[in-house]
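Okay, thanks for coming, everyone. I've got one protein to walk you through today, mainly its overall layout and the spaces inside it. Have a look at the structure first, and then I'll talk.

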Amino acid sequence: MKSWKSLSTTLLASAAIVVSATIVSAADLMLRASDTHPDGYPTVAAVVYMGELLEERSNGRIGIDMFHSAQLGEEKDTIEQTRLGVIDLNRVSLGPFNNLIEETKIPSLPYIFRSVAHMHTVMDGPIGDEILAAFEAHGLIGLAFYDGGSRSFYNSVRPIRSIEDLEGLKFRVMQSDLFVEMVNSLGANATPMPYGEVYSSIQTGVIDGAENNWPSFESSGHYEVAGYYTLDQHLIVPEVLVMSSAAWEKLSADDQAMVRQAARDSVPYMRELWEAREAVSEARVREAGVEIITEIDKAPFIAAMAPVYERFVDTDRLRDLVARIQATE
Ligand code: GTR
């Protein structure tokens, strides 16, 4: 019969095996990834999936550590940290890049895309590649575009049935001058602020509302404090997955290609999750009793955007991008 001493030695040894097994199963290189959304949100799940692809394809050498729920900070700050190499991978909207990378303004223009399908055709093609390439001059590698559905206004004051109903209301926008001008041109007042401050700002009346897609409106809980949602669909802003150039340069050419491919391969998965999540979020918001205004004449909204295009589409290169997007079937 084994003595207690040898039994406990055996137990300790097996515990050590378990511990070392855990360490071995984590990849040698874990890329730190940031996302503002909660665990399980389509963008978060897609980057986690990309990490699984990488671990498999690199035989466990490269993986992804996902920091969701803005654990590493709000988008504008995480963009800076990614440029500095503190964060390796970042999934962000194109909006917070607008003031930094001029090409990102173009897919962020209100009503530039006729539909989500139009956005996919453009961003999956040469125009999308050009916009991804524009990140390189700013310490970032553009890896892939994700979906952000279409964004519409919600507020706590009244149902918006026409452009006149927006008059005087205060809306939060992402931190981008373009979106400030967009809201002001519609006769409302824009307040740029980080995503994480929106809930309490609506609740306390600092702002009247904000604008976003179904999954964000729902997962952020904003629908609990903003009971009117008008589907004017003024923006179809793609989201982007970027890597820090500092982290990129540490990879071999083969590993760079592997990372790029894994990012690309996560896109169809993301789109599938997105579609499903949009339906779930819409159902939850409707069930909560939010008044949804679907019948809205978009023509006056589109007409009001002329000054935004005039001010922000301000170089030949940008005018060319707009023309090519509009000409894309
Ligand atoms: C969401 C988007 C986030 C963030 C957020 C916001 O739709 O996925 O990346 O941009 O909107 O409004 O700040």
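So, one definition before anything else: when I say domain, the bounds come from an automatic or database domain assignment. With that in hand, the protein splits into domain 1, which is 19-102 + 116-147 + 238-270, and domain 2, which is 151-236 + 282-327. And please keep in mind that this is a predicted model.

How far apart are the C-alpha centres of domain 1 and domain 2? They're 26 Å apart. Where the domains touch, domain 1 puts in 19 residues and domain 2 puts in 21 residues.

Now the general build. We've got 13 helices and 11 strands. If you box up the C-alpha atoms along the principal axes, you get roughly 85 × 45 × 30 Å. The protein has 329 residues, and 52% of them are buried. On the outside, about 14,400 Å² is exposed, with 53% of that coming from carbon and sulfur atoms. And for the contact-map people: take the contacts between residues at least 6 apart in sequence, and 75% of those join residues at least 24 apart.

Okay, on to the holes. How many cavities of 30 Å³ or more does the structure hold? Just 1. The largest cavity has about 210 Å³ of space in it. Its lining takes 22 residues, and the ones nearest the centre are Thr36, Glu75, Ser93, Met174 and Tyr195. Helix H3 (75-84) and strand E3 (89-93) are the elements that give two or more residues to that lining. What about chemistry? The cavity lining breaks down into 7 nonpolar, 7 polar and 8 charged residues. And going back to the domains, domain 1 and domain 2 each give at least three residues to the lining of this cavity.

Then the pockets. The largest pocket comes in at about 250 Å³. It has 16 lining residues, and Val116, Ser150, Gln233, Ile236 and Lys298 sit nearest the centre. Which strand gives the most to this lining? That's strand E9, residues 228-235, with 3 residues. The classes here are 8 nonpolar, 5 polar and 3 charged.

The second largest pocket holds about 190 Å³. Its lining includes Met123, Asp124, Leu132, Phe145 and Arg264. At least two lining residues come from each of helix H5 (126-133), strand E4 (140-146) and helix H10 (253-287). If you're thinking about probes, here's the class split for that second pocket: 6 nonpolar, 4 charged and no polar residues.

Let me stay with strand E9 for a minute, and pick out His234, which sits in that strand. Is His234 buried or exposed? Its relative accessibility is 1%, and the cut-off for buried is under 20%, so His234 counts as buried. Who's around it? Apart from its neighbours within four places in sequence, His234 touches Pro110, Tyr111, Arg151, Ser152, Phe153, Met182 and Glu211. Also, His234 and Tyr154 are 80 residues apart in sequence, but C-alpha to C-alpha they're 12 Å apart.

For contrast, here's another pair with that sequence spacing. Ala246 and Leu166 are 80 residues apart along the chain, and their C-alpha atoms are separated by 44 Å. Ala246 belongs to helix H9, residues 245-249. Its relative accessible area is 34%, which falls between the 20% and 50% cut-offs, so Ala246 is partly exposed.

Last stop, helix H6. Met182, one of the His234 contacts, is among the buried residues of this helix, residues 177-185. The others on that buried list are Leu178, Phe179, Glu181 and Val183. What do the buried residues of H6 pack against? Quite a list: strand E5 (151-155), strand E6 (170-173), strand E7 (189-192), strand E8 (209-212), E9 and helix H12 (306-312). As a reminder, an α-helix has 3.6 residues a turn, so residues three or four places apart point the same way. Just past the end of H6 there's Gly187, with a positive phi of about 90 degrees.

That's my tour, so let's open it up for discussion.

Technical notes: Residues numbered from 1 in each chain as written. Predicted model: local features only at pLDDT ≥ 70, side-chain atom pairs only at ≥ 80, totals over all residues. Heavy atoms only, no water. 1 Å grid on protein atoms, 1.4 Å probe; cavity = no way out; pocket = protein on both sides within 12 Å on 5 of 7 lines; lining within 4 Å. Points joined across faces, edges and corners; volume = space filled by probe spheres on them. Helix = DSSP H or I, 4+ residues; strand = E, 2+ residues; numbered from the N terminus. Nonpolar A, V, L, I, M, F, W, Y, C, P; charged D, E, K, R; others polar. Buried < 20%, exposed > 50% of the residue type's maximum accessible area, 1.4 Å probe, protein only. Contact = heavy atoms within 4.5 Å. Areas by Shrake-Rupley, 256 points an atom, 1.4 Å probe, with all protein chains shown as cover.
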